[in-house]
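Reader: I want the reasoning behind the labels. Please take me through it step by step.

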Amino acid sequence: DAALRNAVGAAIATTAELAGCSMVFAFGTAAWARLAAEDEQPDGLRDFQEIHGVQGLHAPATGGDRPPSPRPTRQVAVVTCMDARIAALKDFGLDFGDAHIIRVAGARISDDVVRSLHLSTAVLGVRGVLVVGHTSCGLHDADGSLADALFALDPVRRDWGHFDDAEAAVREDVERLLAWPARPEGFAVAGAIIDVEDGSVRQVV
């Protein structure tokens with residue numbers, strides 16, 4: 001009825017005002033009540049709540065001014081792995097706002113990564129891409145056993161981006177971008193490997 005619609009609208013408006021442009025994580029009331037008991041929460045969920053607060057509202061991790069534009073100031077995009085050991089800005093000598101950071105399993109140039117790069121280049125001024133693989137990657141498949149495990153995980157998906165040589169995988173993806181029909185004029189691509197133990201970066205192409 002009208003009263004219910006008004007109440008829901010007021011709740012949404014209040015949440016939007018509190019969260020601003022931040023991400024809101026919605027939990028069902030019953031599920032939240034069940035998980036609220038400390039002894040029922042897995043460690044990962046407790047860590048999540050510490051980061052985002054019990055209300056599920058994301059608070060900025062650091063203060064300071066945010067870049068005024070979505071355009072990266074150095075006109076570069078970095079494609080690297082989602083691995084938690086990679087500190088993308090710090091490891092690559094970048095400051096907040098310098099680059100678009102695209103993180104994907106294995107740092108592979110998938111169709112969806114190309115979609116993001118198309119927006120970066122055509123709309124947001126990116127003119128260079130750095131593809132960065134890394135040591136000890138979870139998609140490294142030296143003996144073929146990972147391919148079998150991935151097939152068992154999802155028999156429909158054929159391309160998980162697994163590889164047996166990290167450097168060769170980076171070179172392959174760099175070549176794909178250099179041959180990309182939609183690349184802008186003056187488009188530059190480089191490839192590197194980061195060592196997750198010491199953070200050193202070695203250019204391979």
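Author: What follows covers one helix and two cysteines in a predicted model.

Reader: How do you know that the length of α7 agrees with a helix?

Author: Helix α7 has 13 residues, 166-178. At 1.5 Å a residue, they should span 18 Å. The end C-alpha atoms are 19 Å apart, which agrees.

Reader: Which residues of α7 are buried?

Author: They are Ala169, Val170, Asp173, Val174 and Leu177. Buried means under 20% relative accessible area.

Reader: Why do you say that the buried residues of α7 line one face?

Author: Look down the axis of α7. The buried residues fall within an arc of 135°, so they line one face of the helix. An α-helix has 3.6 residues a turn, so residues three or four places apart point the same way.

Reader: What covers the buried residues of α7?

Author: The cover includes helix α5 (111-122) and the strands β3 (128-134) and β4 (188-194).

Reader: What makes the pair at the start of α7 a polar contact?

Author: A side-chain oxygen of Asp165 comes within 3.0 Å of the backbone nitrogen of Glu167. The cut-off for such N or O pairs is 3.5 Å.

Reader: How many disulfides does the whole structure have?

Author: The search finds 0. Cys81 is in none, and its nearest cysteine sulfur is that of Cys137.

Reader: Why is there no bond between Cys137 and Cys81?

Author: Their sulfurs are 4.3 Å apart, too far for a bond. A disulfide needs the sulfur atoms within 2.5 Å.

Reader: Why does Cys81 count as buried or exposed?

Author: Cys81 has 5% relative accessibility, so it counts as buried. Cys137, at 9%, also counts as buried. The cut-off is under 20%.

Key
Residues are numbered from 1 along each chain as its sequence is written. This is a predicted model: local features need pLDDT of at least 70, side-chain atom pairs count only at pLDDT 80 or more; totals for chains, interfaces and linings use all residues. Side-chain values use heavy atoms; hydrogens and water are left out. Helices (H or I, at least four residues) and strands (E, at least two) are DSSP runs, numbered from the N terminus. The expected span of a helix is 1.5 Å times one less than its number of residues. Buried means under 20% relative accessible area, exposed over 50%, partly exposed in between (1.4 Å probe, protein chains only). The arc is that of the directions from the helix axis to the C-beta atoms. Contact means heavy atoms within 4.5 Å. A polar contact is a pair of N or O atoms within 3.5 Å; within protein, one must be able to donate a hydrogen and the other to accept it, and residues adjacent in sequence count only if both atoms are side-chain atoms.
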